[in-house]
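Colleague: I'm new to reading models like this one. Could you take me through a single part, the place where the two chains meet, and show me how the rest hangs around it?

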Amino acid sequence: MPRSAGTLIVLLAIIGLWQGLHLLVGASSLASPVQTVSKLASLLATGEFWLNISETMRAFVAAFAISLFGGIALGIVLGVRKLAGNVAEPILTTLYSIPKVVLYPLVLLCFGLGISAKIAFGVMHGLIPITLFSMNAIRQMKPVYRRTSQVMRLTPSQNAFTVIMPAILPEIISCVRLGFSLTLLGVLIGEMFASQRGLGFLLTSAINIGQIDTIMAIALLLTVFAVTCNILMMRFDRRLTHR
Amino acid sequence: MSEKLLRVIVVVAMILLVELLCRVGVIPRMVMIAPSDMVVELGKILASGQFSADIRITFTNIAISTVLSILVGFVAGVIIYSLPSLRDAIEPLLASYYAVPTFVFYPIFITLFGVGSASIIAIAVLLAVVSMVTATLNGLDRIPRVLRKTGQIYRMSRIKTALLIELPAATPYLFTGVKLSVAYSFIGVIASEFILSGAGIGYAIAYAYNLFENGHMYALMLLVLIVVTVVNTLLNIVDRRLQMRRQR
């Protein structure tokens, strides 16, 4: 496996760079890799840290579930109905490209300070790309599928579950990947700006009291979590497309 | 044409609905002010110049991080392209890069550079640069082989080949990277200002939110939405021209 050996060398080089930077700027501005890992281990041993993790995960799982089901359902409707899709697509791409952070105060005013605001903000990040992806997947589906379902006079729900969903499954997995990372980002930004619990809240409160090792331990945990989930989904994706 | 008309009708109807709900009082003034009031407020703050320093800082930072990420991303892309073994090693990392919620690194930059433009630009570049690297790799990969062969037949020098053949052939793909870099720089700068900073539009919105100054807050939000939509529309027009040129 020379390929993964190269990746390993690059990863080691990044860790080396991190250590070098730590020696350069001092322990008060940048914790070393060893310090970060040991801090993470000691944090993971406390019950309070797990409370924050579970708070973030609850918001994330709820937001991800809503984005996924809502996005795919909306995408199927807009993909099957050509006119609605053509009208909605530019509106959705514009909404997708605006920095959604500026709308966060609006979300806070609507939902109050709590888990529902975080969920709503995560959904705002995840819903639109999933809708756009699944809509485009349906549009690029082979026309013979659509015609066959017409010939067999399938009802719209039969059409959705037995024809469209299996046909666009590989694309759905890629939009699950995209939606996953964007929803996670949305939930974390929400927590960093205003909340009382969660990993994002721990990050901002650690800045205020200057605990660099806590900040880096949380950043490391989230990076490892996100990258691991992404790699697993990519594996799954590859297996599906090679079927 | 009728689709365009329908789209305008849908957008206008949505805005009118919000306007109506605000005027009737279904949406309380504490939550959201009517869209027409937002426009009036925006006119007021632009005329009074109250936020012009914040606006200037934000757009300067966005411009700096866009330029930096395009330049750094392009150079890094060319270097990675010319070293295939490095590319094999780095590509799995690039594929997972955007899965990482980049903003969790913002506190680290704050402890390194302090609160201010430097850490904001750093996070925006971190967010934007990889899309430019990927676009550069993609563009260089897709240069048709016949073009490079033509260059060899004409015995062009390496620099001439790069400037006259490779760069123009890769431009449509590079522009996709430019477009993404602009979008990510906007998100990176405004979101970091929003989370923690002392100046800028994002900071001004967060400050107005804390003081319940809904007029200022919604006016600034509207400003951001308008600027982003205009910039995106312009970039999309250029993009469409470039894509058309490629198909010919």
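Modeller: Here is a walk through the contact between the chains, with the surroundings added as we go.

First, some ground rules: this is a predicted model, where local features need pLDDT of at least 70 and side-chain atom pairs count only at pLDDT 80 or more, while totals for chains, interfaces and linings use all residues. Residues are numbered from 1 along each chain as its sequence is written, and chains are lettered from A, with ligands numbered from 1, in the order in which they are written.

Let's start with chain B. It has 10 helices and zero strands, where helices (H or I, at least four residues) and strands (E, at least two) are DSSP runs numbered from the N terminus. Its C-alpha atoms fill a box of roughly 75 × 55 × 35 Å along the principal axes. The radius of gyration of chain B is 22 Å, whereas a compact globule of 248 residues would have one near 18 Å; that value is taken over C-alpha atoms, and the globule rule is 2.2 Å times the number of residues to the power 0.38. In chain B, 39% of the 248 residues count as buried. Buried here is 20 or more other C-beta atoms within 10 Å of a residue's own, exposed is 12 or fewer, and partly exposed is in between, with C-beta atoms placed from the backbone.

Chain A has 11 helices and zero strands. The box around its C-alpha atoms is roughly 70 × 55 × 30 Å along the principal axes, and buried residues make up 39% of its 243 residues.

Now for the meeting place. On the chain B side, 45 residues are in contact with 46 residues of chain A; contact is when two C-beta atoms, placed from the backbone, lie within 7 Å. Which helices of chain B each supply at least two residues to that side? They are α1 (2–24), α4 (84–97), α5 (106–113), α8 (158–195), α9 (201–210) and α10 (214–247). The largest share, eight residues, comes from α4(B). Sorted by class, the side of chain B that touches chain A has 36 nonpolar, six polar and three charged residues. For that sorting, Ala, Val, Leu, Ile, Met, Phe, Trp, Tyr, Cys and Pro are nonpolar, Asp, Glu, Lys and Arg are charged, and the others, Gly among them, are polar.

Let's zoom in on one pair of helices. Helix α9 (residues 169–193) of chain A packs with α8(B) at an angle of about 35°, their axes 9 Å apart. Those axes are lines fitted to C-alpha atoms, for helices over the stretch in contact, and angles run from 0 to 180 degrees between N-to-C directions. At this spot I189(A), M192(A) and F193(A) in α9(A) meet A191(B), F194(B) and I195(B) in α8(B). This contact has six nonpolar residues, no polar and no charged ones.

F194(B) turns up again with I205(B): leaving out residues up to four places away in sequence, I205(B) touches V102(A), P105(A), F194(B), M217(B), L220(B) and M221(B). I205(B) is also one of the residues, with F103(B), I190(B) and L220(B), that touch the most other members of the largest nonpolar core, which has 125 residues. A nonpolar core is a set of buried Ala, Val, Leu, Ile, Met, Phe, Trp, Tyr and Cys residues joined through C-beta atoms within 7 Å.

Next, α1(B), another contributor to the side that touches chain A. This helix has 23 residues and reaches 32 Å from first C-alpha to last, close to the 33 Å expected at 1.5 Å a residue; the expected span is 1.5 Å times one less than the number of residues. Is α1(B) largely in the open or largely buried? Of its 23 residues the number buried is one, so α1(B) lies largely in the open. Just after α1(B), G25(B) takes a positive phi of about 105°.

Finally, look at the loop between α9 and α10 of chain B, where F212(B) is found. F212(B) has a positive phi of about 60° although it is not a glycine. Why does F212(B) count as exposed? Because F212(B) has 10 other C-beta atoms within 10 Å. Chain A has a non-glycine residue with positive phi too: R153(A), near 50°. R153(A) sits in the loop between α7 and α8 (156–167) of chain A, and R153(A) counts as exposed because it has 8 C-beta neighbours inside 10 Å.
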